[in-house]
Structures are given as structure tokens and as C-alpha cells.
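Me: I am new to this one. Please show it to me, and then I will ask how the terms are earned.

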Amino acid sequence: MNGQMSKSANGANEQMSKSANDQSPISNLQSPIEMVDVLIIGAGPAGISTALHLVQMDAGWAGRMIVVDKAVHPREKLCGGGVTQTGLAILDALGLDFPAQHVPIREMRFQFGKIVHAIYGDPVFRVMHRAAFDHWLVRQAEARGVSVRQGVAVTDVQPTADFVRVVTEQGIIRAKTVVIADGSTSFVRRKLGWAHAAEHPPLARLLEVISPESADHPLFAGGIAVFDFSVQREGVQGYVWDFPSLRHGQTMMNRGVFDSRVRAEHPRAPLKTALTQAFSVRQCTLATETIHGHPIRWFDAGGNLARPRMLLAGDAAGVDPFVGEGISFALGYGQVAARAIAAAFARGDFSFSDYGRRVLADPLLSQLPQRVKLARILYRIKSPRLLAMVWYLFPLIVRFYRLVNRNIAPFSAAKMRRVKPLW
Ligand SMILES: Cc1cc2nc3c(=O)[nH]c(=O)nc-3n(C[C@H](O)[C@H](O)[C@H](O)COP(=O)(O)OP(=O)(O)OC[C@H]3O[C@@H](n4cnc5c(N)ncnc54)[C@H](O)[C@@H]3O)c2cc1C
């Protein structure tokens, strides 16, 4: 533990005389200045996972960190809410029992036209309403003594040699280290001019529609989730998903379209048209006012993931461009960030020059560059005949990838078979 511990994050604010550096309009309001060892910006899965992993390493970290989020949980977050086996394993290792309010997916279908491969598991993954999932995670952190300040937006970030000065709506925090976990559109990244290395912004486009659905629907009855890549024929670099889910106990269908844009040189597909067609194939009507969109930042191999005293985690760092899986990776970033922070305090070296290497050495996060390559290969193909051949050979491709990295397809290839399409 760090001998020069700052005043407890949970205790009284440390009032300090303001330096010239603190003469901003906000500091003129006589707001308190606090000092803390670790400030986590964003109480989504990445931020809360960082807090939970620190506390798991040493309960004393609870008093040395503050988590701030501009939203108040439960807050809505556009998301399918699918948590795969890799994410479930991280939660399990943290000693957390997954909440009962979810839909266990026992059959995951990969579809292209009439070619459908089903993968079975008990479950293959779990679908939980994101607002409820994130709220549950926040409560787990609070139960372990972590101070999570909700409804507190960060409005400015100024790194100095000895600390990072973070301006929030409720005052100024001087943090020895800052975890930037404020999502795909990361305000902090933009504020710091933290550029990406990729030629084009590494942002996937997603549209989502959630509508009430009967519990008798075959996807609910069978615990089936569908990843329908047929929209690749329309130029979408991704798929349409159908996830049975629950919201406040009511059965809902979570559908949407994911367009990775890893091939930025290809024209942008009209996503609303693709979604409308997908709904019509499923014999459902799509009310355009129910469509919501949000990007996912994907992993940028050449990009910096850290600066002195600052680490990126979760969507702010970049997740998976292949299927847009982000929750497991956000949880994984939290583990790696927590270890990097503990090592920094132990050594007294806050450069975080090894954070990028730590990310690439992690069994889960090391998949990200591979998933970028995989997405670039698959989403390059335009010919419908070649696409059909690739999807026909899907089981063989999965087996090959499992030989390269078992974690990349976290399910048993033996439990895969061809099934009839539902539409
Ligand atoms: C439509 C859609 C569907 C998806 N479906 C899936 C899926 O089924 N499975 C899956 O694994 N992934 C899915 N994802 C990806 C997944 O949602 C993200 O990867 C995941 O939320 C990343 O978590 P995070 O903690 O990095 O960021 P977030 O969950 O976005 O959390 C960031 C937090 O930072 C806070 N914040 C932002 N700005 C500030 C500020 N200035 N000050 C303070 N706080 C701030 C926000 O309020 C928020 O709570 C989907 C994404 C989209 C858009």
C-alpha cells in the first residue's frame, strides 16, 4: 500500500488553498478541492470493474479512490446486454453471482440467408437489461466500500507532473492517477486531444430497437439469440441481432444492426433501410421513432492506451469490431488497469509506459488485435457468392480460430450444428 496515502475518498473533503492553476470559474465558486489516489471517470462496466479489482487486491483501495459518473444509476444505455462466457468468468472470479433477472441464451445462431449454424451451451451467454446490469455492478462496488458519486459530470481534465486536476460539477479533484472509462464518445479523450492512430476514426455504427414481445415467441421459448449476417449483402459490415430480453420483468425483444466500419473505404450502408428490411423479413413493423443509435469505439492497434498518470479502459480505449462485444472487454480492461495501478503505486512510477504491453499480454484483451484482423477479412468480402461460401464453411473457420486462440471462440465447437432458419 502507498505510504503517502491521500485523505480518505470517503472521508471529509480536504480543503486546500487554491493555486493559480485553480482560478477557473468553478474554483471561484469556493468549491472544495479533494485529493485522491485513484479517480475513475465513468461507472460503467470498465470503471466499476477497475474499482472491484482494486478492492479485491486489497480492501484498503476502497478508501483511496473515487468513481464519478455524470448519470445516476440505473441509467439507460443502448446495448444488447449480452454477457459472454468470458465476461461471466471475470464476474465469477470477482466472487459475484450473476443476477437472476436475465435471459439465459442456450442457442446462439449465426445466419446468412438460409444458412444457419447453431451453437449450444448452458448458457452460451446471458442477456440482461443494461441499466439493471450496470446498477447491480455499482451496488456491488458500493457494498465493498467504494465511493461512487453519481450525477457528477467531469467538465475538464488538466494533467500536471504530480497529479491530474479534474474539474467536476461538484468541485475539483486532484488525483494521482485517473482511469478514463467514460465510454465510446469519451469526453475526456476529446478534451485531452487524445487522437487515434488508425487512418479513420475506429467507430462502429449501431442502431437499436427494443419492443415488447410475447413470451411465446420462439426466441424466448428456446432461449435463442440470432446474429444475422444477411445484411452483409447490403454492404453492412456486420449483422442484425435478435436478443430476447427482460426489462422490469417484461419480455422484450432487443434488435439492432451493427456496422463495424473496419473497411472505412467502402461506402456507408443505409442502416435504417437494412433494419427496416430485417424487420419486414421477420414480419414485424418498425416504428422509426423507436430507433436509437450509438457508436462503439473499437481497438486501435497503434493507439496509445496510457499517458503519465492516465489510463484508458473499456470503450474509451476500444473494444471488439467483429461483433461489437464490449461488456466482457470492459470488465477485462478493469482487471488490467487495476493491476497497472497497483504496480504504479508500489514502484512510485506513474508513467504507465507498460500499460499497452499489459493489455496485449492479457489472455482476453490480446484477442482484440486478432478480432480487428478477422473483421477486416470478413467485412472486406462483397461478392454474395463468396460470402455464402464463407458462411457455409463457418464451423471449419471457428475450429481453425480455436486452434489459434481458444479464447476467441469461447464455446465448444463440438456443440455446433446446422439448423433450419426461423425466417
Ligand atoms: C446498440 C449497442 C448494443 C450493444 N450490445 C452489446 C452486447 O450485447 N454485448 C456486449 O458485450 N456489448 C454490447 N455493446 C457494447 C457495450 O455496450 C460497451 O462496450 C460497454 O458499455 C462499454 O462499457 P464502458 O464501461 O467502457 O462504457 P459505458 O458503459 O458507456 O460507461 C461509460 C460511463 O461514463 C459516464 N460518463 C460519460 N461521460 C462522462 C463525464 N464527462 N463525466 C462523468 N461520467 C461520464 C457515462 O454516464 C457512463 O455511465 C453494445 C453497444 C451498443 C451501442
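Reply: Start with what a helix is here: a DSSP run of H or I, at least four residues, numbered from the N terminus. Keep in mind that this is a predicted model. Just after helix α6, Q283 takes a positive phi of about 55°.

Me: What makes residues of α6 count as buried, and which are they?
Reply: Buried means under 20% relative accessible area. In α6, residues 271-281, L271, A274, L275, A278 and F279 meet that.

Me: How do you know that they are on the same side of α6?
Reply: They cover an arc of only 135° around the axis, which puts them on the same side of α6. An α-helix has 3.6 residues a turn, so residues three or four places apart point the same way.

Me: What covers the buried residues of α6?
Reply: The cover includes β10 (203-212), β12 (238-247) and β13 (250-259). Contact here needs heavy atoms within 4.5 Å.

Me: Now the ligand. Why is the pair with K70 called a polar contact?
Reply: A polar contact is a pair of N or O atoms within 3.5 Å. A backbone N or O atom of K70 lies 3.0 Å from a ligand nitrogen atom, so the pair qualifies.

Me: What makes K77 and G326 qualify?
Reply: The cut-off is 3.5 Å. A side-chain N or O atom of K77 is 3.4 Å from a ligand oxygen atom. For G326, a backbone N or O atom lies 3.0 Å from an oxygen atom of the ligand. Both pairs therefore pass.

Me: How much of the ligand does the protein bury?
Reply: Taken alone, the ligand exposes 1000 Å², and the protein buries 94% of that.

Note on methods. Residues are numbered from 1 along each chain as its sequence is written. This is a predicted model: local features need pLDDT of at least 70, side-chain atom pairs count only at pLDDT 80 or more; totals for chains, interfaces and linings use all residues. Side-chain values use heavy atoms; hydrogens and water are left out. Buried means under 20% relative accessible area, exposed over 50%, partly exposed in between (1.4 Å probe, protein chains only). Helices (H or I, at least four residues) and strands (E, at least two) are DSSP runs, numbered from the N terminus. The arc is that of the directions from the helix axis to the C-beta atoms. A polar contact is a pair of N or O atoms within 3.5 Å; within protein, one must be able to donate a hydrogen and the other to accept it, and residues adjacent in sequence count only if both atoms are side-chain atoms. Accessible areas come from the Shrake-Rupley method with a 1.4 Å probe; for residues, only the protein chains shown count as cover.
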